[in-house]
Amino acid sequence: MDEDGAKAFNLFMEKNSTLHTFILNNCGLGVKSTKMMLSSQLINPHMRIQRLFLDNNNIHDLGLKYLGEYLAKQNCIVELTVRNNVKKTNDLGVSYLCESL
């Protein structure tokens with residue numbers, strides 16, 4: 001998802017209060033679009049994501065850190081998958097994510 005796509009998605013997320021499951025596998029999410037989408041959800045206090053599927057994107061360590069920060073604030077996730085997002089890692093992103101859960 002490019003930056004324009006993430007911006008459009010943000011507008012939707014800022015208003016939505018009924019979506020509880022995100023399936024964003026294979027969407028080409030990168031670090032920047034991940035950060036944008038997660039920050040827009042923090043604007044909407046009614047958004048409570050319970051299931052989040054982000055497999056096969058390009059989130060990398062920094063994106064996993066942003067994801068961890070988001071999940072720590074939301075405190076409502078029951079299912080999360082982030083397979084195949086880090087091509088080369090020193091496990092920092094996974095550490096950030098685990099600490100937040």
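Modeller: A definition to begin: the radius of gyration is taken over C-alpha atoms, and the globule rule is 2.2 Å times the number of residues to the power 0.38. This is a predicted model, in which local features need pLDDT of at least 70, side-chain atom pairs count only at pLDDT 80 or more, and totals for chains, interfaces and linings use all residues. Residues are numbered from 1 along each chain as its sequence is written, and side-chain values use heavy atoms, with hydrogens and water left out.

Colleague: What radius of gyration does the protein have?

Modeller: The value is 12 Å, which agrees with the figure near 13 Å for a compact globule of 101 residues. Along the principal axes, the C-alpha atoms fill a box of roughly 35 × 30 × 20 Å.

Colleague: How many helices and strands are there?

Modeller: The protein has four helices and three strands, in the order α-β-α-β-α-β-α from the N terminus. Both kinds of element are DSSP runs numbered from the N terminus: helices are H or I with at least four residues, strands E with at least two.

Colleague: Which residues touch the most other members of the largest nonpolar core?

Modeller: Phe22, Leu54 and Leu67 do, in a core of 20 residues. Helix 1 (3–15), helix 2 (31–43) and helix 3 each supply at least two residues of this core, and the largest share, five residues, comes from helix 3. A nonpolar core here is a set of buried Ala, Val, Leu, Ile, Met, Phe, Trp, Tyr and Cys residues joined through side-chain atoms within 4.5 Å. Buried means under 20% relative accessible area, exposed over 50%, and partly exposed in between (1.4 Å probe, protein chains only).

Colleague: And how many salt bridges?

Modeller: The count comes to two, a salt bridge being a side-chain nitrogen of Lys or Arg within 4 Å of a carboxyl oxygen of Asp or Glu. One joins Glu79 to Arg51, with the closest N and O atoms 3.4 Å apart. Glu79 lies in strand 3 (residues 79–81) and Arg51 in strand 2 (residues 51–53), so this pair ties together parts 28 residues apart in sequence.

Colleague: What about Asp55?

Modeller: Asp55 meets Arg83 in a salt bridge at 2.8 Å, N to O. Asp55 lies in the loop between strand 2 and helix 3 (60–74), and Arg83 in the loop between strand 3 and helix 4 (92–100).

Colleague: Is Asp55 buried or exposed?

Modeller: Asp55 counts as buried, at 6% relative accessibility, whereas Arg83 is exposed at 52%. In the other pair, Glu79 is partly exposed at 35%, and Arg51 is partly exposed at 32%.
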